[in-house]
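Thanks, everyone. Let me put the next structure on the screen, and we will walk through it together.

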Amino acid sequence: MSWVDSPHGLWRLKSGQSLRYRCWDEEAVLYNDLSGATHLLGPAALCLLDALRPGPASTAALASRLLDDFDIDDDALGSELEALLGDLSELSLIEPCPC
């Protein structure tokens with residue numbers, strides 16, 4: 001089962017994240033204040049994190065945000081979103097909402 005088709009359907013930031021980052025050109029260094037790790041992220045990953053700041057969002061809403069902010073082919077959107085959600089989840093920055 002893919003991250004996009006997850007039965008959870010909603011994603012959120014890990015509780016307690018402050019998302020402090022610095023941007024240079026097309027990259028950002030983000031400090032994970034929960035783990036103490038730093039991560040090099042691209043603009044699409046930052047877009048998803050910013051979309052989740054106000055609260056949980058559905059995969060459909062996150063896909064829409066990516067389409068609005070980037071030139072992503074509709075055919076590639078599912079795999080791009082799946083990869084981003086998987087990467088951000090593995091970095092312990094986001095998690096599926098327990099619904």
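At what angle do H1 and H3 pack, and how far apart are their axes? This is a predicted model, so please keep that in mind throughout. The angle is about 70°, and the axes of H1 and H3 are 10 Å apart. That makes H1 roughly perpendicular to H3, since 65 to 115 degrees counts as roughly perpendicular.

Which residues meet there? From H1 we have Ala44, Ala45, Leu48 and Leu49. From H3 we have Leu81, Leu84, Leu85 and Leu88. Sort the residues of this contact by type, and you get eight nonpolar, no polar and no charged.

Stay on H1. This helix spans residues 43–52. Is H1 mostly covered or uncovered? Mostly covered: eight of its ten residues are buried. Here are the buried ones: Ala44, Ala45, Leu46, Cys47, Leu48, Leu49, Ala51 and Leu52.

Now the other helix partner. H2 covers residues 59–69. The axes of H1 and H2 come within 10 Å and cross at roughly 130°. H1 and H2 are therefore oblique to each other. The crossing of this pair is right-handed. On the H1 side, the contact uses Ala44, Cys47, Leu48, Asp50, Ala51 and Leu52. On the H2 side, Leu62, Arg65, Leu66 and Asp69 take part. How do the residues of the contact of H1 with H2 divide? Seven are nonpolar, none is polar and three are charged. Keep the H1 and H3 contact in mind here, with no charged residues.

One more point on H3, residues 74–90. Asp87 sits in this helix. Asp87 is partly exposed, at a relative accessible area of 45%. Take its C-alpha and that of Ala45 in H1: 8.8 Å apart in space, 42 residues apart in sequence. Ala45 itself is one of the buried residues of H1.

On to the sheets. The first to look at is an open sheet of three strands, in the order E2-E3-E4, with antiparallel pairing. Which strands stand at its edges? Strand E2, residues 20–24, and strand E4, residues 38–41. Each has a single partner strand, so one side of each is left without a neighbour in the sheet. On average, neighbouring strands of this sheet are turned by 20° against each other, direction ignored.

Strand E3 runs over residues 27–31. E3 pairs with E4 in the antiparallel sense, over four bridges. Within that pairing, Val29 stands opposite Leu40 in E4.

And where does H1 come in? H1 lies across E2, E3 and E4. Against E4, this helix runs at about 115°.

Next, the other sheet. This one is also open, with three strands in the order E5-E1-E6 and antiparallel pairing. At the edges are E5, residues 57–58, and E6, residues 94–96, each pairing on one side only.

E1 spans residues 10–13. How many bridges join E1 and E6? Three, in the antiparallel sense. Leu13 has Ile94 of E6 as its bridge partner. E1 and E5 are also antiparallel, over two bridges. There, Trp11 has Ala57 of E5 as its bridge partner.

A reminder before the faces of E1. In a regular strand, side chains alternate between the two faces of the sheet. So what is on each face of E1? The covered face has Trp11 and Leu13. The uncovered face has Leu10 and Arg12. Trp11, then, is on the covered face and bridges to Ala57. Leu13 shares that covered face and bridges to Ile94.

Last, two backbone details in loops. Asp25 has a phi near 50°, a positive value in a residue other than glycine. Its place is the loop between E2 and E3. Is Asp25 buried or exposed? At 82% relative accessibility, Asp25 counts as exposed, because the cut-off for exposed is over 50%.

Ser92 is the other one. Its phi is positive too, about 60°, although Ser92 is not a glycine. Ser92 lies in the loop between H3 and E6. With a relative accessible area of 32%, Ser92 is partly exposed.

That is the tour. Comments, please.

Methods:
Residues are numbered from 1 along each chain as its sequence is written. This is a predicted model: local features need pLDDT of at least 70, side-chain atom pairs count only at pLDDT 80 or more; totals for chains, interfaces and linings use all residues. Side-chain values use heavy atoms; hydrogens and water are left out. Two strands pair if DSSP finds at least two bridges between them. Axes are lines fitted to C-alpha atoms, for helices over the stretch in contact, and angles run from 0 to 180 degrees between N-to-C directions. Contact means heavy atoms within 4.5 Å. Buried means under 20% relative accessible area, exposed over 50%, partly exposed in between (1.4 Å probe, protein chains only). Angles under 35 degrees count as roughly parallel, over 145 as roughly antiparallel, 65 to 115 as roughly perpendicular and the rest as oblique. A crossing is left-handed if the near helix is turned anticlockwise from the far one by less than a right angle, and right-handed if clockwise. Ala, Val, Leu, Ile, Met, Phe, Trp, Tyr, Cys and Pro count as nonpolar, Asp, Glu, Lys and Arg as charged, and the others, Gly among them, as polar.
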